[in-house]
Amino acid sequence: MGVVNVTPDSFSDGGRWFDPEAAVRHGLELVEQGADVVDVGGESTRPGAARVSLEEELARVEPVIRELARQGVTVSVDTMRARVARVAVDAGAKLVNDVSGGLADPDMPRVVADSGVAYVVMHWRGHSHTMQSRAVYDDVVAEVCDELAKRVASVRAEGVADEQIILDPGLGFSKTAEHNWALLAATDRLAGLGYPLLVGASRKRFLGRLLAGPDGEPRPFAESDDATVAVTALVARAGAWCVRVHDVRPNADAVRVAAAVREART
């Protein structure tokens with residue numbers, strides 16, 4: 001899954017694809033590099049980010065999704081709003097990537113159920129301006145698994161079918177670096193919950209902090225792509241269904257390597 005942020009303030013590439021034509025070109029480039037899905041988002045979810053209006057989010061993503069879908073791209077919409085999801089599906093999106101897992105907008109599960117598209121249910125405890133205050137766990141893996149199971153039960157009760165559901169542990173969302181590493185170490189357990197698993201580690205802060213220089217300064221976001229590739233290989237080997245990344249080609253290569261290793265062991 002390649003990322004197209006149609007925002008001026010995303011943490012890793014804010015503003016580069018804010019123009020709709022630039023966003024469409026970038027989406028097509030990601031497909032050429034090996035992306036199976038292009039994830040289009042119009043609202044930054046970085047820690048501390050303020051929400052944009054519904055109207056602004058729609059204006060950002062709808063023309064990009066419509067044009068990419070017209071050109072045959074499998075498009076995902078990254079949104080927490082049911083209205084945006086509905087417009088995106090009408091424009092051609094085949095997947096709704098909801099970082100709130102249906103908690104931010106109670107209408108979202110019904111929209112997804114009615115549309116029949118795939119639905120990413122991510123582990124989430126609150127919006128960007130408060131989420132890091134909620135990064136408190138006794139056993140992060142057990143609690144994330146339990147909370148995801150509750151979200152699955154909730155969206156299924158609203159009519160979302162099992163075959164639509166994809167899970168995401170929500171790395172960086174109400175998680176410290178230690179929590180993220182623990183979840184990555186448990187990829188096989190998360191992948192065994194009965195649903196496809198999406199992992200989004202690309203360019204996140206915990207990678208930059210791991211790669212900090214002698215002065216303790218974290219590695220810049222765009223300079224952690226090699227570490228992202230390492231994560232991709234590890235989670236693909238452990239059974240993840242998909243990785244959400246900014247730099248597609250090397251991560252697509254890592255997925256192929258992991259698949260070859262998995263096949264050799266069967």
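This is a short tour of a predicted model, stop by stop, with something to select at each one.

**Stop 1: the sheet**

Start by colouring the strands. You should see an open sheet of six, in the order β1-β2-β3-β4-β5-β6, with parallel pairing. Which strands stand at the edges? Select β1 (2-5) and β6: each has a single partner strand, so one side of each is left without a neighbour in the sheet. Ignoring direction, neighbouring strands are turned by 25° against each other on average.

**Stop 2: inside the sheet, β3 and β4**

Now zoom in on β3 (75-78) and β4 (95-98). These two run parallel and are joined by three bridges. To see one of the bridge pairs, show valine 77 and its partner in β4, valine 96.

**Stop 3: out to the edge, β5 and β6**

Move along to β5, residues 118-122, which pairs with β6 in the parallel sense over four bridges. Pick methionine 122 and look across to β6 for its bridge partner, aspartate 168.

Stay on β6 and turn on side chains for residues 165-168. Which way do they point? Ile165 and Leu167 go one way, while Ile166 and Asp168 go the other. Every one of these four is buried, Asp168 included.

**Stop 4: the helix across β5 and β6**

Next, select residues 140-157, helix α5. This helix lies across β5 and β6, and its direction makes an angle of about 155° with β6.

Add α6, residues 177-185, to the selection. The axes of α5 and α6 are 9 Å apart, and the helices pack at an angle of about 75°. That makes the two roughly perpendicular. For the contact itself, show Val140, Val141 and Val144 on the α5 side, then His179, Ala182 and Leu183 on the α6 side.

**Stop 5: α2 against α3**

Swing over to helix α2 (residues 54-70) and helix α3 (residues 82-91). Their axes come within 9 Å and cross at roughly 20°, so α2 and α3 count as roughly parallel to each other. The crossing is right-handed.

Which residues meet here? From α2, show Leu54, Glu57, Leu58, Val61, Glu62, Ile65, Arg66 and Ala69. Opposite them in α3 are Arg83, Val84, Val87, Ala88, Asp90 and Ala91. While you have the helices up, one general point helps when reading such lists: an α-helix has 3.6 residues a turn, so residues three or four places apart point the same way.

**Stop 6: what covers α3**

Keep α3 on screen and highlight its buried residues: Ala82, Val84, Ala85, Val87, Ala88 and Ala91. Now bring back the surroundings. The cover over these residues includes α2, both strands from Stop 2 (β3 and β4), and α4 (108-115). Before leaving, click on glycine 92, just after α3, which takes a positive phi of about 125°.

**Stop 7: the cysteines**

Last, select cysteine 145 and cysteine 242. How many disulfides does the whole structure hold? A search finds zero. The closest cysteine sulfur to that of cysteine 145 belongs to cysteine 242, and because the gap is 19 Å, the pair is too far apart for a bond. Cysteine 242 is likewise in no disulfide.

Are they buried or exposed? Cysteine 145 is buried, with a relative accessible area of 9%. Cysteine 242 is buried too, at 14%.

Methods: Residues numbered from 1 in each chain as written. Predicted model: local features only at pLDDT ≥ 70, side-chain atom pairs only at ≥ 80, totals over all residues. Heavy atoms only, no water. Buried < 20%, exposed > 50% of the residue type's maximum accessible area, 1.4 Å probe, protein only. Pairing = 2+ DSSP bridges. Disulfide = S-S within 2.5 Å. Axes fitted to C-alpha atoms, helices over the stretch in contact; angles between N-to-C directions. Parallel < 35°, antiparallel > 145°, perpendicular 65-115°, else oblique. Left-handed = near helix turned anticlockwise from the far one by under 90°. Contact = heavy atoms within 4.5 Å.
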